[in-house]
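Trainee: Before we discuss any detail, could you put the model on the screen, so that I can ask about its sheets, its helices and a few single residues in turn?

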Amino acid sequence: MKINVAIIGCGRIGFLNDFKKNLTGTYSHFKTITSDKTFNLVAVCDLNTKIRNIIKKKYKIPTYKSYRELLSKHKIEIVVVSSSDNSHYKILKDLVKFKPKIVFCEKPLLQSTTQTEEILKIYKKNKIIISVNFSRRFSRYFCDLKKMIEDNFFGEIKSFELKYSRGFYHNAIHWLDLSLWYFGIPNKILTLRNVPSKSFLKDRDIDLKLIYRDVQIKIVGIDIDFLGNEELDIIGTKGRVTVNPEDKFTIYKIQKHKIYENTRVFVRHRQYLMKNGDLLKNAYNNIKKQITKKNVFNISSGETSLKLLKMIEDLK
Ligand SMILES: NC(=O)c1ccc[n+]([C@@H]2O[C@H](COP(=O)([O-])OP(=O)(O)OC[C@H]3O[C@@H](n4cnc5c(N)ncnc54)[C@H](O)[C@@H]3O)[C@@H](O)[C@H]2O)c1
């Protein structure tokens with residue numbers, strides 16, 4: 001028996017990222033679900049008539065302007081919420097009465113701890129699982145990096161810098177989630193800069209330092225319109241890792257300089273071009289397991305999103 005799925009929000013990550021692109025892998029919920037034989041994409045919903053018409057005509061999938069109408073007409077087990085950030089609260093609240101098994105929501109799940117606590121309470125009571133698409137948690141590169149840090153591959157970490165663009169709450173949240181995932185809740189957070197974002201309306205452009213016992217993570221906003229690069233640079237006493245603007249993931253080892261005595265340098269050890277076409281597939285595999293098996297670990301749970309919001313709720 002196939003698992004019935006519906007998508008609410010068929011914009012870029014919902015549908016358009018893969019539309020007319022013929023990419024290797026999948027970059028939208030629509031293509032990920034329709035490429036997996038265990039899923040049945042029963043219907044989709046979007047406020048945008050143009051997008052609904054494309055999906056209805058090309059894919060013969062029922063489309064709705066109202067998610068309530070969709071859910072009252074079809075029995076759905078997995079509801080995907082990939083609509084704009086500010087729509088999540090109302091949609092998540094409304095979904096409960098239709099009793100899906102899992103709601104897979106785009107990040108950020110919600111924008112305040114009060115809303116998140118309220119939603120998690122209702123979902124727990126109704127035994128509905130929430131999973132959130134914090135995509136790095138589904139990336140083999142970032143899973144490997146976590147293990148390398150834990151195995152002390154880089155030695156003592158001297159510098160840990162993460163760069164983002166287009167809004168702190170919209171985008172830096174990925175790096176904050178990575179920090180939480182790798183190291184837990186920091187002992188202290190220092191705000192270095194906090195100004196309105198110019199590149200993402202109603203958001204902030206914030207630089208932070210997350211202080212842990214053994215490491216300090218600096219998160220730096222680069223407020224440039226439409227900039228999609230996210231960069232990472234970790235420097236340790238034994239090695240270094242960078243993710244550059246071209247998505248190259250490079251690992252360096254510290255070695256003796258070939259010419260200069262008593263000098264050591266970082267020398268490239270391995271380099272990959274990060275391919276992110278399997279992130280959504282990995283996320284859906286985790287969701288699938290949560291539906292079909294017992295006691296499966298929810299890689300990116302609603303509770304984690306609550307922890308994340310609590311971590312940054314008192315920022316100055
Ligand atoms: N996990 C990731 O790496 C990642 C990447 C991109 C976007 N996102 C998240 O995905 C969500 C969507 O982002 P996007 O870039 O695709 O945005 P988008 O603006 O391209 O698409 C959003 C779509 O949602 C629709 N929509 C809004 N309110 C709706 C409602 N009430 N009912 C039905 N449809 C509604 C809009 O019409 C639009 O088509 C955001 O929350 C964003 O933060 C996550």
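**Sheets, helices and single residues**

Mentor: In this predicted model, an open sheet is formed by 6 strands in the order β3-β2-β1-β4-β5-β6, and the pairing is parallel.

Trainee: Which are the edge strands of this sheet?

Mentor: An edge strand is recognised by its pairing, and two strands here pair on one side only. The order begins with β3 and ends with β6. The edge strands are therefore β3 (63-64) and β6.

Trainee: Which helix packs on the sheet, and what angle does its direction make with that of β5?

Mentor: The helix touches β1 (3-8), β4 (78-81), β5 and β6. It is helix α8 (residues 279-292), and its direction makes an angle with that of β5 of about 160 degrees.

Trainee: How many bridges join β1 to β2, and which residue of β2 stands opposite asparagine 4?

Mentor: β1 and β2 run parallel and are joined by 6 bridges. Within β2, the residue opposite asparagine 4 is asparagine 40.

Trainee: Is alanine 43 buried or exposed?

Mentor: Alanine 43 is found in strand β2 (residues 39-45), and 5 of the 7 residues of β2 are buried, so the strand is largely enclosed by the rest of the structure. Leaving aside its neighbours within four places in sequence, alanine 43 is in contact with residues including Ala6, Ile61, Leu70 and His74. With 21 other C-beta atoms within 10 Å, where 20 or more are needed, alanine 43 counts as buried.

Trainee: What distance separates the C-alpha atoms of alanine 43 and isoleucine 7?

Mentor: Along the chain these two residues, alanine 43 and isoleucine 7, are 36 residues apart. In space, their C-alpha atoms are separated by 7.0 Å.

Trainee: Which residues of β6 stand opposite valine 103 and phenylalanine 104?

Mentor: β5 and β6 run parallel and are joined by 5 bridges, while 4 of the 5 residues of β6 are buried, so β6 is largely enclosed by the rest of the structure. Opposite valine 103 stands isoleucine 130, and opposite phenylalanine 104 stands serine 131.

Trainee: Where does phenylalanine 98 lie, and which residues is it in contact with, leaving aside its neighbours within four places in sequence?

Mentor: Phenylalanine 98 lies in the loop between α4 (88-95) and β5 (102-106), and it is partly exposed, with 17 other C-beta atoms within 10 Å. Phenylalanine 98 and leucine 71 are 27 residues apart in sequence, but their C-alpha atoms are 6.5 Å apart in space. Leaving aside its neighbours within four places in sequence, phenylalanine 98 is in contact with Leu71 and Ile76.

Trainee: What do the buried residues of α4 pack against?

Mentor: In α4, the residues His88, Leu92 and Leu95 are buried. They cover an arc of only 65 degrees around the axis, which puts them on the same side of α4. These buried residues pack against β4, β5 and α5.

Trainee: Why do the buried residues of α9 line one face of the helix, and what covers them?

Mentor: In helix α9 (residues 302-311), the buried residues are Gly302, Thr304, Ser305, Leu308 and Leu309. Seen down the axis of α9, they fall within an arc of 155 degrees, so they line one face of the helix. What covers the buried residues of α9 includes α5 (113-125), β6 (129-133) and α7 (168-183).

Trainee: Which strands stand at the edges of the sheet of 8 strands?

Mentor: This open sheet has the order β8-β9-β10-β7-β11-β12-β13-β14, with mixed pairing. One side of each edge strand is left without a neighbour in the sheet, because each has a single partner strand, and the two are β8 (188-196) and β14 (264-273).

Trainee: Which residue of β13 is the bridge partner of valine 241?

Mentor: Strand β12 (residues 239-243) pairs with strand β13 (residues 248-256) in the antiparallel sense, over 5 bridges. In β13, the bridge partner of valine 241 is isoleucine 251.

Trainee: How many residues surround the ligand, and which are the closest?

Mentor: By class, the shell around the ligand has 8 nonpolar, 11 polar and 5 charged residues. In all, 24 residues surround the ligand, and the closest are Gly9, Gly11, Arg12, Ser83 and Glu106.

How values were computed: Residues are numbered from 1 along each chain as its sequence is written. This is a predicted model: local features need pLDDT of at least 70, side-chain atom pairs count only at pLDDT 80 or more; totals for chains, interfaces and linings use all residues. A residue is buried if 20 or more other C-beta atoms lie within 10 Å of its own, exposed if 12 or fewer, and partly exposed in between; C-beta atoms are placed from the backbone. Two residues are in contact if their C-beta atoms, placed from the backbone, lie within 7 Å. A residue is near a molecule or strand if its C-beta atom, placed from the backbone, lies within 6 Å of it. Ala, Val, Leu, Ile, Met, Phe, Trp, Tyr, Cys and Pro count as nonpolar, Asp, Glu, Lys and Arg as charged, and the others, Gly among them, as polar. The arc is that of the directions from the helix axis to the C-beta atoms. Two strands pair if DSSP finds at least two bridges between them. Axes are lines fitted to C-alpha atoms, for helices over the stretch in contact, and angles run from 0 to 180 degrees between N-to-C directions.
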